[in-house]
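Me: Could you take a close look at one part of this model for me, the charged surface patches, and then place that part in the wider fold?

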Amino acid sequence: MSRLLMIPLALLLALPRPAQALETDELLALVTLPLAVAAVADEEGVPALELANLVATLNNAGVEPARMIEVVRYVPVALVAEAPEAPFVGFVEASVAQGLRSDALVNVIEDRLRSYDLPDVQLNVQQARLITDIREDEHFVVRRRGVRRTAPVVEHPHGGPPGQLKKERGEQTGAAIVHGITRQDVDEVRKAERKAERKLDRKADRGGKKLKAKVDRADNSGKGNGRDNGNGKGNGGGKKEKGR
Amino acid sequence: MKKLLLTALLLTTAACNRTAAPSVAQQGQPAAVAQAEALAPEQLGELGGQIRKDPARAQQLLAQHGLTEESFEQAVRKVAEDPAASKKYADAFKKAGV
């Protein structure tokens, strides 16, 4: 009889229960995620567009909310310390483009943040942090301290170190590379400029001679040239030339 | 003993009915997503604050707004992608008593 009783009970235990999409911790992390974004967005010097791009990238990569909060709270530090040729948000986007997702992506971000003189970064947390004001967060203090990137930047987004193309092509300016101007073009422009300058100089010389002639012909009588048609006394006296 | 058997059978039947419930919810999932998208950041923030305050009532609170956990997650992640919307959410969240 007891066997008969055991069968329905075993069936009852074996039946699948409706799966909960989110555990309580995950749900609590989720509801506090926008708070972290809002707190960081309030911080001076954090570009809203870059922050939005970062969160969208992390969302698309399926990063869990608790870990997203950890990444977001380091954003002010990363944006201050980042090297202009290898920006933090660009780095995260590139990592996702390479196929990194979820925890693998978080691990790579963690390594990157460690290079900002933050050796104790730990992004793989289980419980979400409640961030209502980033100024109360310990990492805001780090940000104010003025962290700079300590590791050398290896990545070159355009394929090589700065100045490489100029060196290879024997150009003097970056503009020559970017705008496709050759050295010959620059020489031609300089030649035309020099020609125009010489022309101006010659004109100025001729103008000077004419002026001198005018001065020689000037009236030295000492009389004024006012409304009285030159009949005034004139107080200057005028310096008479010896020959006259 | 018959009573015991009957009780066990009743429990089994009840459990079977319970497993049928998610399939109904899954059928209505697109509607739940649409409902979540219709909620303003302030409404989502208030709901988030209430969930934070009483996580045990999360399912009930979500159901009251016609949401599933999945649709709610999508909506909150979308809010987080917009710093301005996140500020509205955060204000409503704090007002909800956290």
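Reply: Happy to; here is the charged surface first, then the fold and the core.

This is a predicted model, in which local features need pLDDT of at least 70 and side-chain atom pairs count only at pLDDT 80 or more, while totals for chains, interfaces and linings use all residues. Residues are numbered from 1 along each chain as its sequence is written, chains are lettered from A and ligands numbered from 1 in the order written, and side-chain values use heavy atoms, without hydrogens and water.

Arg190(A), Lys191(A), Arg194(A), Lys195(A), Arg198(A), Lys199(A), Arg202(A), Lys203(A) and Arg206(A) form a positive surface patch. Patch members have over 30% relative accessible area (Shrake-Rupley, 1.4 Å probe) and no salt bridge (Lys or Arg side-chain nitrogen within 4 Å of an Asp or Glu carboxyl oxygen); like charges are joined within 9 Å, placed at NZ of Lys, CZ of Arg, CG of Asp or CD of Glu. Lys195(A) is exposed (over 50% relative accessible area), at 59%.

Glu193(A), Glu197(A), Asp201(A) and Asp205(A) gather in a negative patch. Helix H11 of chain A holds Lys195(A) and also Glu197(A), and it covers residues 183-216.

Chain A has 11 helices (DSSP runs of H or I, at least four residues) and 0 strands (E, at least two). Of its 244 residues, 33% are buried, that is, under 20% relative accessible area.

The largest nonpolar core (buried nonpolar residues joined through side-chain atoms within 4.5 Å) has 34 residues, and Leu51(A) and Phe88(A) are among those touching the most other members. H2(A) gives the most to this core, with 5 residues.

Terms used:
Patch = residues over 30% accessible without salt bridge, like charges linked within 9 Å, V, L, I, M, F, W, Y side chains within 5 Å. Lys, Arg positive; Asp, Glu negative; His and termini not counted. Buried < 20%, exposed > 50% of the residue type's maximum accessible area, 1.4 Å probe, protein only.
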